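Reader: I've got this model open on my screen and I'd like a close look at one part of it. Could you take me through the charged pairs, and then show me what sits around them?

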Amino acid sequence: MFAAERRQLILEMVRANGAVSLRELARVVQTSEVTVRRDVRALEAEGLLDRRHGGAVLPGGFTRESGFPQKSHLSSAEKTAIADVAAGLVGEGEAIVVGAGTTTQELARRLARVPGLTVVTNSLLVAQALAHANRVEVVMTGGTLRGSNYALVGSGAEQSLQGLRVSRAFLSGSGLTAERGLSTSNMLSASVDRALVQAAAEVVVLADHTKLGADTMFQTVPTELVTRLVTDEPPPHDERAAAEIQALADQGVEITLAGGDADSGACGPSGAEGVPPGGRQRREMPLPGQRRTQNGGLGAQLRGAAVMADAGPERGRVADLRRR
């Protein structure tokens, strides 16, 4: 492929998706990341896109939301690894909420194996993934269907969540920064996500490294309400993602990195070599700071009770991290 053809394809991908990682661009145009980085610099010089550490975005600073068909093919390996590890955080008999998104859909497919689980969701795709699961109860919110991501939004969805209390919320979004927390580009989706957060004692954000450092219009979860981030380990050249991970950890967010091999030094439940049910490795990062506020005013007692309610090894691991 000639350079002009490569750059045209790169530009079309960025316009279609809003933000694309260098890794994904290199895979699509079938060349090295070094070559793609050079192409991105050239397109930035022409004012056609903005370069970011590890990727490229539409010009103007804020990324926009891409449609579900495009998002479902982006960073698919990373989303699978994240979902594998996140599923290991859920114990038998729990009640959780799961928001809309391609990563949360991957999580739902793995939750079908957890007996006695109750899942509250506004996502048709999450509900579909769990529809035939034995001993898993699915509770749908009301609301108006938003076709671009198959999610129920609006006042009906928000009202159906009032008075609900569950142990955890699993959410995704369009971007995550230490400064603003999780954000999305759609106002209705952001409003429902905030209602999901208010229903949970803990908030677990699922975001691959391409979303770290990206900022979008509507804040959904401020950093002080994020309990844990599950993400993939960013590539060595992605300084932006690595800096955001450290900044989030400094603010007390528990960081779990998905991926790696058996010799990567992953830590987890005793005797399990850090391997959750999905078979993926995970590595916990130490917490330099302490949580500054508690989620939604529920308080430390509710958060601690939710952690210790399940006596499984993973729950114990989370409790150990917090005591440190």
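Author: Here's a walk through the salt bridges, followed by the strands and side chains around them. Keep in mind that this is a predicted model.

Let's set the scene. The protein has 12 helices and 16 strands, and 54% of its 324 residues are buried. If you take the contacts with a separation of 6 or more, residues 24 or more positions apart account for 67% of them. About 13,600 Å² is exposed, with carbon and sulfur atoms supplying 51% of that area.

Now to your charged pairs. Side chains of opposite charge can pair when their charged atoms come close. A search of the whole structure turns up 13 salt bridges, and three of them make a good tour.

Start with Glu94 and Arg168, whose side chains meet in a salt bridge at 2.4 Å, N to O. Glu94 sits in the loop between helix 5 (76-87) and strand 4 (95-98), while Arg168 belongs to strand 9 (residues 166-171), so this pair ties together parts that are 74 residues apart in sequence. Are the two partners buried or exposed? Glu94 counts as buried because its relative accessibility is 8%. Arg168 counts as buried too, at 3%.

Next up is Arg180 with Asp215, where the closest N and O atoms are 2.5 Å apart. This one also links distant parts of the chain, 35 residues apart. Arg180 is in the loop between strand 10 (175-177) and strand 11 (181-184), and Asp215 is in the loop between strand 12 (200-206) and strand 13 (218-221). Here the burial reads another way: Arg180 is partly exposed at 22% relative accessibility, and Asp215 is partly exposed at 21%. Those values sit just past the cut-off, since buried means under 20%.

The third pair is Glu254 and Arg228, which form a salt bridge at 3.1 Å, N to O. Glu254 lies in strand 15 (residues 254-258) and Arg228 in strand 14 (residues 228-232), so the pair ties together parts 26 residues apart in sequence. Glu254 is buried, at 4% relative accessibility, and Arg228 is buried as well, at 3%. Elsewhere, Asp84, Glu106, Arg109 and Arg110 are joined into one network by salt bridges that share partners.

Back to strand 9, the home of Arg168. How many of its residues are buried? The count is 6 of 6, so to speak of this strand as mostly covered is fair by definition. Strands of a sheet pair through backbone hydrogen bonds, either parallel or antiparallel. Strand 9 pairs with strand 4 in the parallel sense over 3 bridges, and Val97 has Ala169 of strand 9 as its bridge partner. Strand 9 also pairs with strand 12, again in the parallel sense, over 5 bridges. In that pairing, Leu171 stands opposite Val205 of strand 12.

While you're near the Arg180–Asp215 pair in the sequence, have a look at Thr220. Thr220 lies in strand 13 and is buried, with a relative accessible area of 4%. Leaving aside neighbours within four places in sequence, Thr220 is in contact with Leu182, Ser183, Thr184, Ala190, Asp193 and Arg194.

For an antiparallel case, go to the open sheet of 3 strands, which has the order 1-3-2. Strand 1 (19-21) and strand 2 (50-52) stand at the edges with a single partner strand each, so one side of each has no neighbour in the sheet. On average, neighbouring strands of this sheet are turned by 20° against each other, direction ignored. Strand 1 is joined to strand 3 (residues 55-57) by 3 bridges, and the two run antiparallel. Ala19 stands opposite Val57 of strand 3.

Last, a stop at the surface. Which residues form a nonpolar patch there? Leu124, Met140, Leu145 and Tyr150 do, with about 330 Å² of accessible area together. Met140 has its place in strand 6 (residues 136-140), and it is partly exposed, with a relative accessible area of 32%.

Definitions and conventions. Residues numbered from 1 in each chain as written. Predicted model: local features only at pLDDT ≥ 70, side-chain atom pairs only at ≥ 80, totals over all residues. Heavy atoms only, no water. Helix = DSSP H or I, 4+ residues; strand = E, 2+ residues; numbered from the N terminus. Buried < 20%, exposed > 50% of the residue type's maximum accessible area, 1.4 Å probe, protein only. Contact = heavy atoms within 4.5 Å. Areas by Shrake-Rupley, 256 points an atom, 1.4 Å probe, with all protein chains shown as cover. Salt bridge = Lys/Arg side-chain N within 4 Å of Asp/Glu carboxyl O. Pairing = 2+ DSSP bridges. Axes fitted to C-alpha atoms, helices over the stretch in contact; angles between N-to-C directions. Patch = residues over 30% accessible without salt bridge, like charges linked within 9 Å, V, L, I, M, F, W, Y side chains within 5 Å.
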